[in-house]
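Here are a few short exercises to work through with the model open beside you. Try each one before reading its solution.

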Amino acid sequence: MASTGAGGAPAVKGLRLITMNKGADGYGFHMYTDKKLQGQYIKSVTKDSPSDLCGMISGDHVLAVDGMDCSQETHHQVVDRVRAEPSSGKKVLVIDQQTEQEMQAKVWEGKQEGGIASACRLFGFLSGWYFNASN
């Protein structure tokens, strides 16, 4: 079954910077840790929630929150980043699993880059302002 976004329209795939405001019931998504794939993934998105209306879909890999690389952080650290101020204009960088697999396959043979965040940097999909320079 194809993923759908807000209003049942086909979901946009790829690397996406989602900017959303916290609603009365929060942002409307739940994350989980996938130890096999390493990282935080979107478990579910509540229909018509801020995250749904901004294009987040179940299965998305959370790469960064408000400009901070989350690739080496625990579930609790990433949740704390999402809950931290500001509650408006919250920026979450995500990528769908198919695009992530395609990008990882393109990482230079024999070179260990340390995950999809490095692959994104490698291929220039992220401008330097997004990730904190210390990460």
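**Before you start.** This is a predicted model, in which local features need pLDDT of at least 70, side-chain atom pairs count only at pLDDT 80 or more, and totals for chains, interfaces and linings use all residues. Residues are numbered from 1 along each chain as its sequence is written, and side-chain values use heavy atoms, with hydrogens and water left out.

**Exercise 1.** Decide whether Asp-48 is buried, partly exposed or exposed, then inspect its backbone.

*Solution.* Start with the cut-offs: buried means under 20% relative accessible area, exposed over 50%, and partly exposed in between (1.4 Å probe, protein chains only). Asp-48 has 48% relative accessibility, so this residue counts as partly exposed. Next, find Asp-48 in the loop between β3 (40-45) and α1 (50-53); helices (H or I, at least four residues) and strands (E, at least two) are DSSP runs, numbered from the N terminus. Finally, read phi: for Asp-48 the angle is near 65°, positive although the residue is not glycine.

**Exercise 2.** Find the peptide bond between Glu-85 and Pro-86 and assign its geometry.

*Solution.* First, go to the loop between α2 (75-83) and β6 (90-95), where Pro-86 sits. Then check omega: the value is about 0°, and the bond is cis.

**Exercise 3.** Which residues have the most contacts inside the largest nonpolar core?

*Solution.* Collect buried Ala, Val, Leu, Ile, Met, Phe, Trp, Tyr and Cys residues joined through side-chain atoms within 4.5 Å. The largest such core has 15 residues, and Met-20, Phe-29, Met-31, Met-56 and Val-62 have the most contacts inside it. Last, compare elements: α2 gives the most to this core, with three residues.
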